[in-house]
Protein chains: 2
Amino acid sequence: MQYEMPTLTHVARLAGVSENTVSRVIRNKGPIADATRDRVVLAIEKLGYVPNRAAGSLASSGSLLIGVLLPSLSNIVYPEVLQGIYAALAATSYQPMIGVTDYDPVKEQSILSSLLAWQPAAIITTGFDHTDATRRMLDNSRVRVAELMDIDAEPIDIAVGLSHHQAGYAVGRHLIARGYRRFGYVGHDWIADRRARMRYDGLVQALAETGMTLEGEQCFDGPSSTMAGRDTLAILLERLPGLDAVVFSNDDMAVGGFFHCLVAGIAVRERLALFGFNGLDIGQVLPLPLSTVRSNRFLIGKIAVEKLLESPERALDKLVVDTGYDIVEGATA
Amino acid sequence: MQYEMPTLTHVARLAGVSENTVSRVIRNKGPIADATRDRVVLAIEKLGYVPNRAAGSLASSGSLLIGVLLPSLSNIVYPEVLQGIYAALAATSYQPMIGVTDYDPVKEQSILSSLLAWQPAAIITTGFDHTDATRRMLDNSRVRVAELMDIDAEPIDIAVGLSHHQAGYAVGRHLIARGYRRFGYVGHDWIADRRARMRYDGLVQALAETGMTLEGEQCFDGPSSTMAGRDTLAILLERLPGLDAVVFSNDDMAVGGFFHCLVAGIAVRERLALFGFNGLDIGQVLPLPLSTVRSNRFLIGKIAVEKLLESPERALDKLVVDTGYDIVEGATA
DNA sequence: GTGAAATATGTTAGCGCTGAGATATCAAAA
DNA sequence: TTTTGATATCTCAGCGCTAACATATTTCAC
């Protein structure tokens, strides 16, 4: 019942041309007479021919693959970046090949090596935190490289994202301008999440420049989540009930904080301002839309792909694309 | 600066053995003397050799890839399935190759064909709604196939999931037992989401068996989201303020409904019961934990991979794994 | 009409690996 | 000693495609 898969040879035979001609029709490369093309296309359709990518890759020592390294799938932020990547890729014949690193540079390194085994045209990864071996592999393979989310360091090739330090700083200035004075911070595991750390630093700097400090901070030892945000705010407030504004490491945490206030009967904004980061949908649907910073995740993924595909060679100078951020005023601060 | 990538030949030369021997060491296949293995491993490490998968694939007409077809990435449910897939794959040397179909069988078909071009060992897809061409391709390629999420139809090879009809039915029985009598339904676009439709049918059946009907239903014309849930519930209640229980097509919608109640001052459960589906974290962190049905997404992905890898050949009989569901009592119904 | 350029197609040699079978080596059995 | 079978290794053809080059064929300026 199972006929063998048709190959280029079959198509060529049926269309009465050489294999090479079929190959050229498929790849749209080199001059082809219209009549020939039609015959070939017909043959392809008749046989239901699908090119064998492995063979193509091998012969051309290159592929239509883009390796994508994401730190996690549980944080909705990364699937959103992925959506941007898919959106930009839809118009092309490239396909992403995705690895999940769990925020671990060593894991990143090993996954990278198995991605490189497929001779991808480009690699998309996250942040600047790579092992030396990772950098070496990336250099030795001629692939283009995009580092996403962050632009606070020198990229290997392309960086697309925003300055988290700046974003944190902007939050600080914003809250100070709004008259808040007694600041707290609720965070999560930032050994893993370096960008959260950078925002924190920016925030602290903004406060320092105005002669202020964080009155207290409480970090949850684990990944960010709504539940972590709720519980961690509770702990912080028990210690420091007099705070008038709490900045969270991200929206997940902040939404949790909001729920805590709801249950504890704390008037959000009047008695306690809440501020997040990311601009997730969930925050904007709360009874009081969350005050936060919008990072453009979809855009980051999309632009990264577009820039990568502009040229197969790395340019002489590194490219840094700042996708920016917007303060979302919201109603919680 | 860029030395060419080392190949089997280089490793073989350095280790003083034939290429084939190196290949066997790498794949752990056939008898190898310990001394030889050591020399080869050393050479591999020295050269930083990474096997070229394209070549391997071509030569063996097979690959360590698993094609994964997901309907969407915006619904957190699918990244969660993916996590299960990655978890099960972590222990193996297989890699997933992911395509996003946007709930469109035609798109599924075209993505499938480009996945098959890589000669994957297996295909994981969602639901039973495929085009004829898709089924044919799946049959002609000898790959194993898992259809996830749903078990309400005859699978091609393996199905892993739960009966959505049953789950909907169970929700109906549960709510009736709790004394609710005036039911509404808030849904989303179910041309795309067939499983939501099946739950709806189950619910309606449970009501019918007790001589009841839905007093009203309101569907949002688009994908599910918290915002859609909030706004759609508002519309429904305007029309039918006397309802005492509303079932939502899923948790996203239900959480939105909860927020509507919060703003509109409707006492959840006392005046209006809310019921979701999925058991998402966000629902369980609400001031009142959402009453819902837990579907085991992570497990579904994980089991699918495990079953697929048990054997490279399809078994004679179809395999159906029911991952079940749990009614989560919550506090909103 | 001639030659040169442009256009269209064919020929050939691999890409790096694996599978099948051939060969070599050695211990235990005859 | 020879045979046998296991164990360890090698040889070599090819997987299906593409790159580079070779070979027509047509077009058009002069």
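Y200(B) is buried in this predicted model, with a relative accessible area of 12%. Its ring has a partner: the centres of Y185(B) and Y200(B) are 4.8 Å apart and their planes stand at 70 degrees, so this is an edge-to-face pair. Look at where the two residues come from. Y185(B) belongs to strand β6 (residues 183-187) of chain B and Y200(B) to helix α9 (residues 194-209) of chain B, so the pair ties together parts 15 residues apart in sequence. Y185(B) is buried as well, because its relative accessibility is 2% and the cut-off for buried is under 20%.

Stay in chain B for a moment and pick out two arginines. R197(B) puts its charged end over the ring of W190(B), 4.7 Å from the ring centre. R199(B), for its part, lies over the face of F277(B), and here the distance to the ring centre is 3.9 Å.

Back to rings. Over all chains, a search of the whole structure turns up twelve aromatic pairs. One to zoom in on is W118(A) with W118(B), an edge-to-face pair at 5.7 Å centre to centre with 85 degrees between the planes. This pair crosses between chains: W118(A) sits in the loop between α6 (105-116) and β3 (122-126) of chain A, and W118(B) in the loop between α6 (105-116) and β3 (122-126) of chain B. Both W118(A) and W118(B) are buried. Then there's a cluster, in which ring pairs link F258(A) and F259(A) with F258(B) and F259(B).

From the loop that holds W118(B), step along to β3(B). How much of this strand is covered? Five of the five residues of β3(B) are buried, so to speak a mostly covered strand. Its side chains split two ways: A122(B), I124(B) and T126(B) point to one side, I123(B) and T125(B) to the other, and all of them are buried. β3(B) also has strand partners. Strand β1 (residues 65-70) of chain B runs parallel to β3(B) and is joined to it by three bridges, with I66(B) standing opposite A122(B). Strand β4 (residues 144-150) of chain B runs parallel to β3(B) too, this time with five bridges. There, T126(B) faces L148(B) of β4(B).

Now for the DNA. Which residues come closest to DNA strand D? Of the 25 residues that surround it, the closest are L8(A), S23(A), Y49(A), R24(B) and T36(B), so both chain letters show up in that list. On the DNA side, sugar and phosphate make up 65% of the strand D atoms that come within 4 Å of the protein.

Some polar contacts are worth clicking on. S23(A) has a polar side-chain atom 2.4 Å from a phosphate oxygen of DNA strand D. In R27(A), a side-chain N or O atom is 2.5 Å from a phosphate oxygen of DNA strand D. N20(B) reaches a base instead: one of its polar side-chain atoms lies 3.1 Å from a base oxygen of DNA strand D. As for the elements behind this surface, α2 (19-27) and α4 (53-60) of chain A, along with α2 (19-27) and α4 (53-60) of chain B, are the ones giving two or more residues to it. Sorted by class, the surface near DNA strand D holds eleven nonpolar, ten polar and four charged residues.

Terms used:
Residues numbered from 1 in each chain as written. Chains lettered and ligands numbered in written order. Predicted model: local features only at pLDDT ≥ 70, side-chain atom pairs only at ≥ 80, totals over all residues. Heavy atoms only, no water. Phe/Tyr/Trp six-rings, centres within 6.5 Å; stacked < 30°, edge-to-face > 60°. Helix = DSSP H or I, 4+ residues; strand = E, 2+ residues; numbered from the N terminus. Buried < 20%, exposed > 50% of the residue type's maximum accessible area, 1.4 Å probe, protein only. Lys NZ or Arg CZ within 6 Å of the ring centre and 35° of its normal. Near = heavy atom within 4 Å. Polar contact = N/O pair within 3.5 Å; in protein donor to acceptor, adjacent residues only side chain to side chain. Nonpolar A, V, L, I, M, F, W, Y, C, P; charged D, E, K, R; others polar. Pairing = 2+ DSSP bridges.
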